[in-house]
Amino acid sequence: MRCPYCQSENAGDALVCASCGRDIAVPATLIAERDDLLRKREELREELRQARDEVEAIMRRRKSH
Ligand SMILES: [Zn+2]
């Protein structure tokens with residue numbers, strides 16, 4: 001089976017890529033799903049950061065009154 005990371009050819013039952021050492025027993029669909037989740041997590045982090053900034057701005061405005 002071909003390593004999805006470095007494209008090296010490995011034995012069909014290999015759990016770890018002989019070339020780059022990464023876990024290749026995980027199906028490509030799961031890897032794609034994980035990448036999608038990682039991207040969503042980054043988006044949520046950014047949203048959370050913006051929400052925190054907004055809350056902070058509101059708190060600061062309240063204190064100044
Ligand atoms: Zn590899």
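How many disulfides does a search of the whole structure find? In this predicted model, the search returns zero disulfides, although a disulfide is by nature a covalent bond between the sulfur atoms of two cysteines. Cysteine sulfur atoms are instead found at a metal site, where the SG atoms of Cys-3, Cys-6, Cys-17 and Cys-20 coordinate the zinc ion at 2.2 to 2.3 Å.

The geometry of the zinc site is tetrahedral, the angles among the four donor atoms running from 106 to 117°. For reference, the ideal angle for four tetrahedral donors is 109.5 degrees. Along the chain, the donors of the zinc ion are arranged with the spacing C-x2-C-x10-C-x2-C. As to solvent accessibility, Cys-3 is buried, its relative accessible area being 0%, whereas Cys-6 is partly exposed at 31% and Cys-20 is likewise assigned as partly exposed, with a relative accessibility of 33%.

Backbone conformation is of interest at Gln-7, a residue other than glycine whose phi is positive, near 65°. In general, most residues other than glycine have a negative phi. Gln-7 is located in the segment that precedes α1, the helix spanning 28-64, and with a relative accessible area of 43% this residue is partly exposed.

Charged side chains were examined next. The structure contains nine salt bridges, and in general side chains of opposite charge can pair when their charged atoms come close. Glu-42 takes part in a salt bridge with Arg-41, for which the N to O distance is 4.0 Å, and in another with Arg-45, for which the corresponding distance is 3.3 Å. Because Glu-42 and Arg-45 are three residues apart in helix α1, about one helical turn separates them. The three residues concerned are each partly exposed, with relative accessible areas of 42% for Arg-41, 41% for Glu-42 and 47% for Arg-45.

A further salt bridge joins Glu-46 to Arg-49, where the closest N and O atoms lie 2.8 Å apart. Both Glu-46 and Arg-49 belong to helix α1, in which a separation of three residues places them about one turn of the helix apart. Glu-46 is partly exposed at 34% relative accessibility, and Arg-49 is also partly exposed, with a relative accessible area of 42%. In addition, Asp-36, Arg-39 and Lys-40 are joined into one network by salt bridges that share partners.

Notes:
Residues numbered from 1 in each chain as written. Predicted model: local features only at pLDDT ≥ 70, side-chain atom pairs only at ≥ 80, totals over all residues. Heavy atoms only, no water. Disulfide = S-S within 2.5 Å. Buried < 20%, exposed > 50% of the residue type's maximum accessible area, 1.4 Å probe, protein only. Helix = DSSP H or I, 4+ residues; strand = E, 2+ residues; numbered from the N terminus. Donors = N, O, S within 2.8 Å, 3.2 Å for Na, K, Ca; no water. Tetrahedral: all angles 85-135°; square planar, octahedral: opposite > 155°, others 65-115°.
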